[in-house]
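I opened a structure that was new to me and kept short notes on what I looked up. The entries follow in the order I made them.

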Amino acid sequence: MKIFQKTFTILAVSITAGLNIFGTRSIAADLAVRKNVVDLTSQEKTAFVSAVKTLFNTTPEGSTINLYEQFVVTHVESMGFGMSTHHHEEDTAYGPAAEAGVDAAHGNAGFLPWHRELLSRFENLLQSVDPTVTIPYWDWTDPEALDIVLADDFLGPRGQGGTFTFNGQTIDAGLGTSAGGPVQSGPFSEAEGWVLKSEINVDMFGNSRGTSLVRFTQTPAFSNSYLPKEDIEFALSQDNYTDFRHALEGEPYTDSQGNYISKNFYNHNGAHPLIGGLLFNENNEPVAALGTMTTVTSSPYDPVFWVLHSNVDRLWAEWQDNGHTGTAYYPAEGQPYGHNLNDRMWPWDGGQSRPGNVGSGHLVDLLPVLASDDIVTPADTLDFRKRYGYTYDTLQTKIPEHNSTSGLLGLGALGAGSLLKRKQKQITLS
Ligand SMILES: [Cu+2]
C-alpha cells in the first residue's frame, strides 16, 4: 500500500513535468545526439577529426599550449593532488582537495561526473569549430568497432616499430615490430602535425613519454580487440552508485554487500590497454604502460580517449535512465573531498584548491585560467540532458507528438509502470 501511495505521488509529479514539457517544446528535438562510431557517415568522421585538429592548431592568446593540450594538462594535473614531482615552493598543493590527497578525477565517486564535465567542455569547443559535431562513442564490446575507430578515415592506425619512449629514451617492448609503437600514418601521426609536448606527455611519476602518439595492439593478457559484454551487464545490474562506479571504472573492490570483486582490468580500465597496451610479467602483473592510452595522466593526447569516455558516459547515462536518476543515486557524503555530491570538483572549484606539479616542466602554470564563478559539483552533472543538452542514440528520447490529456496520462502511466517494476526489483534484491 505504501508503495502505491509513493508511486501515485511521483506519478502526479511526472504529469506536471509533462505539462511543462508539452507547454513549451519537445526536449528531444533540441538535444545533440552522440552516436555509435559504427554508425558515423564518412562526413561525420571527417568533421570530428578536423574539429579536433583545429583545436590542436589553435593556441589562445597568453597561452604557450594549444586548446587541445589544455584538456590534456587538466587531465594530468587532476592526478597532482596525490603527488607532486617538482618541488618548487610555489608548486605546493593547497586547499581541501589537496588535504584529501586523492586523484580529483579517478578511483573515487567523482570519476563519472568529472569526465562528463570534461567531455562536455571539449564537445562545446568542437562545436564552436563545427556545430554539427558531437563526441561519438566506442562500444568496446563490439568486435567490429575498434577497426572502425582505428581506420585511416577516422582516428588512424596503431603504431609500428615495437618501441615506446620512456623518460626521453626509446625502449624496445620486446613484442615485435607489428605489436605497436609510434603511430606512423593517418591524421594523428607526427608527420601530420600531431606532435606531443614531452613535458606534458608524462606519466603519473612525471617521466616523459616522448613526442609521438604511441599505440600497441595487444599484450599477453589482452588477446582481443574487444572486451566481454558480461562485464558491462554486470556493472549495469548494480543498484548502488559506488558498486556501479567501481565496476564501470574497472577496478577490484569490496561491494556494498561485502563481496570482494577481484577483477582488475575490465570495462574502462580494460579498454584503455586495448589501444595503449600494457606489458605484463609472468605473474600477470602489469610492469609497463606501453602507449599513450595506458599512460593514464596524458591519455587524452590520444583522441581515442574521447570516444572511449563517451562510451563510459553513455553507460552511466543508461544506468541513470534505468531507474537511478537524480541525487539519490550519488553519494552525498563519505567520499574524499571533491567526490561528494555537493563538493566542488577541481578545476571547476573557483580556485579553492591547487594540485601539485606533475613532471619536470611547469604544468600547473599551463592550466587554463577559469572564471572564479566557474564552479561545478557532481550534483550539477547528473541531469545531462538539461545541463548539457546532449543524449545518446541508445537512450529513449522519444516523446509523444500530440499534447492531448490522454497522451499525458499515457506517458504518466508508462512512467508509473516502470517505477513500480523498479520498486519490486529493489524489494527482491534487499
Ligand atoms: Cu581520466
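**Core.** I began with the largest nonpolar core, which has 82 residues. Tyr68 and Trp138 have the most contacts inside this core. I then looked up which helix gives the most to this core, and found helix α11, residues 304–321, with nine residues. Apart from this core I noted another one, of eight residues, including Ala179, Val214, Phe216 and Ala288. I kept in mind that the model is predicted.

**Tyr68.** Which residues does tyrosine 68 touch, leaving out those up to four places away in sequence? I listed Val52, Leu55, Phe56, Phe122 and Trp194. The list goes on with Pro300, Tyr301, Asp302, Pro303 and Trp306.

**Copper ion.** Next I looked up the protein donors of the copper ion, which are NE2 of His75, NE2 of His106 and NE2 of His115. These donors lie 2.0 to 2.1 Å from the ion. Along the sequence I read the spacing of the donor residues as H-x30-H-x8-H. Is histidine 106 buried or exposed? Its relative accessible area is 9%, so I entered histidine 106 as buried, the cut-off being under 20%. Histidine 115 has a relative accessibility of 3% and therefore counts as buried too.

**Second largest pocket.** I noted a volume of about 680 Å³ for the second largest pocket. It is lined by 27 residues, and the closest to its centre are Met204, Leu278, Ala289, Thr294 and Val296. I checked which elements supply at least two residues each to this lining, and found among them β2 (163–166), α10 (267–276) and β9 (286–289). Sorted by class, the lining of this pocket has 13 nonpolar, nine polar and five charged residues.

**Cavities.** How many cavities of 30 Å³ or more are there? I found three.

The largest cavity holds about 60 Å³ of space. I wrote down its lining as Phe81, Ala97, Val102, Asp103, Ala104, Tyr337, Gly338, His339, Arg344, Met345 and Trp346. By class, seven of these lining residues are nonpolar, two polar and two charged.

The second largest cavity has a volume of about 50 Å³. Phe164, Thr165, Asn201, Arg209, Ser212, Val214, Leu290, Gly291, Thr292 and Thr295 line this cavity. Here I recorded three nonpolar, six polar and one charged residue in the lining. Val214 was already in my notes, as a member of the core of eight residues.

Definitions and conventions:
Residues are numbered from 1 along each chain as its sequence is written. This is a predicted model: local features need pLDDT of at least 70, side-chain atom pairs count only at pLDDT 80 or more; totals for chains, interfaces and linings use all residues. Side-chain values use heavy atoms; hydrogens and water are left out. Donors are N, O and S atoms within 2.8 Å of the metal (3.2 Å for Na, K and Ca); water is not among the atoms, so sites may look incomplete. Buried means under 20% relative accessible area, exposed over 50%, partly exposed in between (1.4 Å probe, protein chains only). A nonpolar core is a set of buried Ala, Val, Leu, Ile, Met, Phe, Trp, Tyr and Cys residues joined through side-chain atoms within 4.5 Å. Helices (H or I, at least four residues) and strands (E, at least two) are DSSP runs, numbered from the N terminus. Contact means heavy atoms within 4.5 Å. On a 1 Å grid over the protein atoms alone, a cavity is a set of points where a 1.4 Å probe fits but cannot get out, and a pocket is an open set with protein on both sides within 12 Å along at least five of seven lines; lining residues have an atom within 4 Å of a point. Grid points are joined across faces, edges and corners, and a volume is the space filled by probe spheres set on the points. Ala, Val, Leu, Ile, Met, Phe, Trp, Tyr, Cys and Pro count as nonpolar, Asp, Glu, Lys and Arg as charged, and the others, Gly among them, as polar.
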